[in-house]
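Visitor: Hey, got a minute to walk me through this one? I'd like to start with what's inside and what's outside.

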Amino acid sequence: MTAEDPPTQELKLRQLAEERAERERLADAENAADAERHLRRADKASYLRRKLEERRRSERAARFDDEPPPAAA
């Protein structure tokens with residue numbers, strides 16, 4: 001991750017907002033084609049949010065793996 005990359009949590013929140021917005025648009029869709037498009041976009045945002053959660057867990061696990069073991073007393 002570069003200094004310019006937004007944190008994983010921020011990206012996850014963006015995807016959650018996008019999913020919610022698309023589901024609202026889905027509810028207001030005027031025809032089947034619009035409804036399908038909004039459903040696909042909402043599903044994609046949900047998928048990306050889940051992948052970001054996996055990334056967060058992986059990054060956390062990597063940090064713990066990099067820590068030295070506690071010193072024996």
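Guide: Sure, and one term up front: buried means under 20% relative accessible area, exposed means over 50%, and partly exposed is in between. Keep in mind that this is a predicted model.

Visitor: Fine. Which exposed residues sit on the face of H1 turned away from its buried side?

Guide: That face carries Arg-20 and Glu-24.

Visitor: And which residues of H1 are buried?

Guide: Thr-8, Lys-12, Glu-19 and Glu-22. Looking down the axis of H1, those buried residues fall within an arc of 90 degrees, so they line one face of the helix.

Visitor: What does the whole fold consist of, in helices and strands?

Guide: Two helices and zero strands. Buried residues make up 14% of the 73 residues. As for the accessible surface, it comes to about 5,900 Å², with 51% belonging to carbon and sulfur atoms.

Visitor: Back to Glu-22. How accessible is it?

Guide: Its relative accessibility is 2%, so Glu-22 counts as buried. Beyond its neighbours within four places in sequence, Glu-22 is in contact with His-38, Arg-41 and Ala-42. The C-alpha atoms of Glu-22 and Arg-37 are separated by 9.0 Å, with the two residues 15 apart along the chain.

Visitor: What about Glu-19, why is that one called buried?

Guide: Because its relative accessible area is 9%, and the cut-off for buried is under 20%. Setting aside neighbours within four places in sequence, Glu-19 touches Ala-42, Ala-45, Ser-46 and Arg-49.

Visitor: Which side chain meets Glu-19 in a salt bridge?

Guide: Arg-23, at 3.4 Å, N to O. Both residues lie in helix H1, four residues apart, about one turn of the helix. Arg-23 is partly exposed at 33% relative accessibility.

Visitor: Switching topic: how many salt bridges does the count come to?

Guide: It comes to 13. Among them, Arg-14 and Glu-10 meet at 2.5 Å, N to O. They are separated by about one helical turn, because they are four residues apart in helix H1.

Visitor: How about a pair in H2, say Lys-51 and Glu-54?

Guide: Their side chains meet in a salt bridge at 3.4 Å, N to O. Lys-51 and Glu-54 are three residues apart in helix H2 (residues 32–66), so about one helical turn separates them.

Visitor: Which residues do salt bridges with shared partners join into one network?

Guide: Lys-12, Glu-53, Arg-56 and Arg-57.

Methods
Residues are numbered from 1 along each chain as its sequence is written. This is a predicted model: local features need pLDDT of at least 70, side-chain atom pairs count only at pLDDT 80 or more; totals for chains, interfaces and linings use all residues. Side-chain values use heavy atoms; hydrogens and water are left out. Buried means under 20% relative accessible area, exposed over 50%, partly exposed in between (1.4 Å probe, protein chains only). Accessible areas come from the Shrake-Rupley method with a 1.4 Å probe; for residues, only the protein chains shown count as cover. Contact means heavy atoms within 4.5 Å. The arc is that of the directions from the helix axis to the C-beta atoms. A salt bridge is a side-chain nitrogen of Lys or Arg within 4 Å of a carboxyl oxygen of Asp or Glu.
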